[in-house]
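Colleague: Before I look closely, could you teach me how to read a model of this kind, one feature at a time?

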Amino acid sequence: MKPLLYREARESDIPAMARIRAAEWETEEYWQRRINAYLRGELHPRDALRPRISYVCYDQDSLVGFIAGHLTRRHSCQGEVEWINVVPACRGNGIASELLRRLAAWFIEQKATRVCVDVESSNSIARRFYAGHGAEDLKPHWMVWDDIKLVLEKPRPSG
Ligand SMILES: CC(C)(COP(=O)(O)OP(=O)(O)OC[C@H]1O[C@@H](n2cnc3c(N)ncnc32)[C@H](O)[C@@H]1OP(=O)(O)O)[C@@H](O)C(=O)NCCC(=O)NCCS
């Protein structure tokens with residue numbers, strides 16, 4: 001079996017990224033426009049700075065997960081996780097963890113230490129995921145890493 005492939009996102013990945021987002025909320029067309037504009041730097045989340053990045057994970061020819069994040073001034077942070085999604089059939093296999101490690105390494109390269117993420121209070125799976133990687137509650141809807149290096153310090157599961 002071929003291993004999973006992780007790499008930086010390309011414009012040609014956007015339709016598949018939009019399909020994953022649209023399975024939870026809004027339409028593919030909405031997400032294609034939004035992701036495209038975000039990655040081109042034409043759409044700015046609040047307090048966002050221009051530098052941003054996205055990584056994707058492929059299983060064979062299928063895009064099974066992606067993450068995106070940018071530099072920011074929000075909540076006295078230097079970085080923000082914008083989106084992270086893994087298709088339901090591939091969850092629980094460490095894909096989001098590997099995507100988060102790649103984004104954390106990018107933040108560290110950018111000298112962004114304190115990183116926030118907007119996460120619904122009711123999204124207990126995502127909260128547990130972030131907490132397991134060292135994030136703490138900041139305020140309703142928000143979690144924060146005081147130092148995103150914590151993500152890279154968590155031992156990877158063996159096997
Ligand atoms: C949150 C999400 C990205 C996690 O993806 P994933 O690839 O399944 O995550 P991983 O396999 O890397 O999981 C790592 C940790 O997350 C937690 N976790 C993941 N899925 C979980 C589940 N179903 N129940 C409980 N904890 C879970 C566990 O703590 C796990 O740690 P462990 O491996 O030591 O048990 C995925 O569930 C998802 O796409 N959810 C919908 C979108 C979403 O909520 N995004 C976040 C919005 S802020």
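**Reading a loop, a pocket and a ligand**

Modeller: Let us begin with Pro88, whose place is in the loop between E4 and H3, where the labels refer to DSSP runs, numbered from the N terminus, with helices (H or I) of at least four residues and strands (E) of at least two. This is a predicted model, in which local features need pLDDT of at least 70 and side-chain atom pairs count only at pLDDT 80 or more, while totals for chains, interfaces and linings use all residues. Residues are numbered from 1 along each chain as its sequence is written, and side-chain values use heavy atoms, with hydrogens and water left out.

Colleague: Does Pro88 count as buried or exposed?

Modeller: Buried means under 20% relative accessible area, exposed over 50%, and partly exposed in between, with a 1.4 Å probe and protein chains only. Pro88 counts as exposed because its relative accessibility is 63%, whereas Thr72, in strand E3 (residues 62-72), counts as buried because its value is 3%.

Colleague: Which backbone atom lies 3.1 Å from a polar atom of the side chain of Thr72?

Modeller: A polar contact is a pair of N or O atoms within 3.5 Å; within protein, one must be able to donate a hydrogen and the other to accept it, and residues adjacent in sequence count only if both atoms are side-chain atoms. For Thr72, the partner is the backbone oxygen of Asp47.

Colleague: Which backbone atoms lie at such distances from the ligand?

Modeller: A backbone N or O atom of Ile84 lies 2.9 Å from a nitrogen atom of the ligand, while backbone N or O atoms of Gly94 and Ala96 lie 2.7 Å and 3.0 Å, respectively, from an oxygen atom of the ligand. Taken alone, the ligand exposes 920 Å², of which the protein buries 71%, the areas coming from the Shrake-Rupley method with a 1.4 Å probe.

Colleague: How many residues are around the ligand, and which come nearest?

Modeller: A residue is near a molecule if one of its heavy atoms lies within 4 Å of it. There are 19 residues around the ligand, and Val86, Gly92, Gly94, Ser97 and Asn123 come nearest. The largest share of this shell, five residues, comes from H4.

Colleague: Where does the backbone have a positive phi in a residue other than glycine?

Modeller: One such residue is Ser76, with phi near 55°, and His75 likewise has a positive phi of about 50°. His75 lies in the loop between E3 and E4, as does Ser76. His75 counts as partly exposed because its relative accessibility is 22%, and Ser76 counts as exposed because its value is 57%.
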